[in-house]
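Biologist: Before we talk about names and labels, could you show me the model that we are going to discuss?

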Amino acid sequence: MSAEQKNIRQTACNLCFVNCGLTVELGGEDGREIVKVRGDESHPTSQGYICNKATRINYYQNNAARLTSPMRRAADGTYEAVDWDTAITEVAERLGRVKAEHGGDKIFYYGGGGQGNHLVGASAMGLRGALGVKYKGNAISQEKTGLAWVISRMIGGMTHPELHHAQVVMFIGKNPFMSNGMDRARPFLREIKNDPDRTLIVVDPRRTETTDFADIHLAVKAGRDAWLMAALIGHIVQSDLLPMAWLEQHAMGYEAVIDYFRTVPVDEYAAFAGLDPAQVKETAGIIGRAQSFAIEEDIGIQMAPHSTLTSYLNHLLPLLTGNYGKDGTMGMVTQLAEVIAMHDSRLDSDGRDQLQTLPVTGAPIISGLYPGAFLAEEILNDHPERPRALVVESGNPVHSLPGANNLRKAMRTLDFSLVVDVAMTETAREADYVLPAASTYEKWESTFFPRNFPANIFHLREPLFTPTPGTLPEPEIHARIIEAMGLVEPGEFDDLRAAAEQGLEAYRDAFFAAMGSNPKTGQLLPYVLYRTLGPTLGEGEAPTAIIWGLCQVYTMKYSAEAARAGWTGPNAGNDLFRALKDSPTAVVIGESTYEESFSRIPNAGNKLQLHLPELLEEAEVLRELQPLMATSQDYPFSLVAGARRAYTANCIIRDPRWAKGRQVTALTIHPDDGEKYNLPDGAMVKLETDMGSTLIDLAWDDRMQPGTASVPNGQGMSFTGEDGNALPSGVYANELTNPRNRDRFAGTPFHKFVPARITLAETA
Ligand code: SF4
């Protein structure tokens with residue numbers, strides 16, 4: 001049977017931010033199931049690689065939770081199905097009322113896309129512009145804003161660590177064998193393990209599937225990564241392993257940093273981190289003498305105590321040792337759109353960033369995002385500046401933010417709440433209205449994650465299926481709300497519509513003219529593109545109009561990089577857009593050079609900034625050798641509230657049967673702790689924190705560090721099967737996490753260190 005007869009299509013995986021290219025076979029009832037999944041050999045970066053998770057993506061696309069009608073909450077708390085016209089009219093009226101009575105800045109926004117769909121977030125800029133929304137947050141702002149703050153100020157652009165080329169590689173807070181989050185993770189681990197000239201260093205309290213490939217496993221004590229990183233830098237500085245001529249040429253602020261680390265007590269810090277000082281010093285020597293060194297951090301430290309400080313130290317280590325802008329280190333990438341916007345610092349005369357904050361709680365706003373850990377607190381008060389409405393799209397904050405019950409309660413106090421999603425999520429069940437969206441495989445989609453160097457890619461994916469009846473793609477939902485609010489005059493953008501009929505070149509000229517003459521074009525930008533260019537692009541293709549806009553901006557802003565990839569001349573933006581639309585797999589959008597990794601640094605003299613005063617001062621607290629989070633007699637375990645396992649990924653709603661095996665949902669502890677606390681392998685136990693408790697299966701795991709415990713991420717979403725019965729789906733970890741335990745700079749929560757108690761369920 002030919003590929004066409006078999007209905008073989010190319011798409012991308014939506015389960016982690018690598019978004020590997022997939023070749024899928026469609027079949028089943030009405031051809032609406034993904035029956036086979038293979039890696040797409042033609043994808044420029046994943047090159048045919050996929051991990052085990054992608055093979056079961058049909059559980060995400062097809063499941064009994066799909067919502068097929070707008071839902072309105074009745075006075076008694078139940079939901080009733082309403083038609084789209086009624087829902088849009090009422091939603092527009094309610095949002096308009098909040099805006100008129102309290103101002104658009106009292107309408108908060110959360111979400112805007114998952115691992116597989118970011119066009120909703122791009123399109124939502126138009127809705128936010130129409131509503132006058134000022135404050136938005138999403139999953140990134142509970143994981144990556146500390147990192148964003150650090151790299152924005154030190155480097156000024158998104159970087160790519162060249163793990164595949166580096167002589168020495170370090171992972172910290174990352175288990176890529178399970179979590180991936182890098183291109184071709186498992187082949188990479190095999191390659192580096194088999195290469196005697198390369199060294200893999202892994203920092204992890206646990207003996208993970210990745211540490212099995214490591215030359216050096218630094219089994220740091222939970223929550224003490226900052227001491228380890230300070231000790232590594234301290235030893236390099238004190239051993240005079242620094243490239244002083246390179247630093248003088250490419251960096252500033254290094255003198256203060258070197259002075260500081262000359263005084264760090266390396267042995268004491270290493271021991272406090274739970275490590276042999278000799279091993280730490282040997283590792284520091286390997287890094288300091290490496291021809292090339294690349295480090296990749298992930299949420300294991302970004303959601304742990306001292307997270308922003310640790311991100312700073314993680315970047316000081318390579319930059320102080322000259323590992324930037326050369327093969328095997330890190331290069332600055334160009335992206336079609338920045339999924340993490342570079343933070344726009346407002347530095348005072350001492351070089352400290354005067355962060356903008358939320359009006360009630362004073363929560364820091366980094367990269368334009370508020371931290372979700374503050375959201376419930378921002379709402380639950382009688383301050384006149386508190387939020388009055390919340391719009392949530394492609395996000396499930398009641399499930400994914402710490403202190404789930406607080407946000408649940410907070411949502412019920414708002415004047416209005418709206419959720420746009422594919423299912424009745426935990427958040428949707430608290431909302432006034434729920435609008436059903438088409439799934440990521442039922443509409444044109446893409447993600448803005450790719451950050452490869454020197455060549456970067458973008459994958460605009462065509463739909464595999466038509467939208468499930470009753471659902472709409474988000475750009476259409478946004479457009480209908482904007483129009484129902486009366487924010488667009490009849491015929492207001494007819495000139496642009498007429499230009500679009502003439503072709504992309506005519507449209508480009510008319511569009512840029514309109515940007516200059518009608519401020520609403522910019523304010524409602526995605527809407528304008530969707531309603532004027534969109535209808536000319538083909539059946540169901542209007543959501544790609546926003547990509548046309550991004551292609552224009554990219555080829556103008558990064559003309560040299562785009563030209564190296566073939567996108568040159570006056571039609572570069574249009575040519576790139578056509579190529580993205582026409583290609584079933586990812587397309588190279590630009591190629592950067594190491595020289596540009598320096599010339600694009602926005603600091604004076606294009607120099608890296610190594611001295612961030614707030615964070616170097618914060619490093620002083622390490623001298624006290626006091627952990628920021630600690631266990632106690634009452635709560636003797638440090639719980640990882642969300643670990644990546646073989647069948648955990650993101651929090652997109654799916655049939656829980658996608659995961660195989662008991663280990664998927666169990667609470668794990670070391671066998672020694674099992675003996676010590678009389679907690680047998682396989683027992684049903686009570687897991688308690690200062691926020692709540694739950695019953696869960698226990699599994700012994702000798703990979704765990706004694707004193708630690710772990711539950712998987714993204715579980716505990718309530719799910720009803722085809723027969724109307726609930727399916728078990730593990731622990732709802734955020735009913736156990738405390739939103740007050742968060743980083744003092746970025747507000748990111750400490751999910752990786754939750755003090756916990758475990759007792760036998762029968763005796764509890
Ligand atoms: S989960 Fe990540 S690494 Fe695995 S196939 Fe999907 S995108 Fe690729």
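Modeller: Let us start with the ligand: the residues around it, counted as near if the C-beta atom, placed from the backbone, lies within 6 Å of the molecule, are Cys13, Leu15, Cys16, Val18, Asn19, Cys20, Ile50, Cys51, Lys53, Ala54, Asn180 and Ala649. This is a predicted model, in which local features need pLDDT of at least 70 and side-chain atom pairs count only at pLDDT 80 or more, while totals for chains, interfaces and linings use all residues. Residues are numbered from 1 along each chain as its sequence is written.

Biologist: How do you know how many residues of the shell around the ligand are nonpolar, polar or charged?

Modeller: Ala, Val, Leu, Ile, Met, Phe, Trp, Tyr, Cys and Pro count as nonpolar, Asp, Glu, Lys and Arg as charged, and the others, Gly among them, as polar. By that rule the shell divides into 9 nonpolar, 2 polar and 1 charged.

Biologist: What makes a set of residues a nonpolar core?

Modeller: The members must be buried Ala, Val, Leu, Ile, Met, Phe, Trp, Tyr or Cys residues, joined through C-beta atoms within 7 Å. A residue is called buried if 20 or more other C-beta atoms lie within 10 Å of its own, and 56% of the 764 residues of the protein chain count as such. The largest nonpolar core has 232 residues, and Leu228, Ala230, Ala231, Leu232 and Ile233 touch the most other members. Helix α8 (residues 225–238) supplies the largest share of this core, 10 residues, where a helix is a DSSP run of H or I with at least four residues and a strand a run of E with at least two, numbered from the N terminus.

Biologist: Which residues does Ala231 touch, leaving out those up to four places away in sequence?

Modeller: Two residues are in contact if their C-beta atoms, placed from the backbone, lie within 7 Å. Ala231 touches Val264, Val266, Tyr269, Ala270, Ala273 and Val280.

Biologist: Why can the protein chain be compared with a compact globule?

Modeller: The radius of gyration is taken over C-alpha atoms, and the globule rule is 2.2 Å times the number of residues to the power 0.38. With 764 residues, the rule gives a value near 27 Å, and the protein chain has 26 Å, so the two agree. Along its principal axes, the C-alpha trace spans about 70 × 65 × 65 Å.

Biologist: How many helices and strands does the protein chain have?

Modeller: Under the DSSP rule, the protein chain has 28 helices and 28 strands.

Note on methods. A residue is buried if 20 or more other C-beta atoms lie within 10 Å of its own, exposed if 12 or fewer, and partly exposed in between; C-beta atoms are placed from the backbone.
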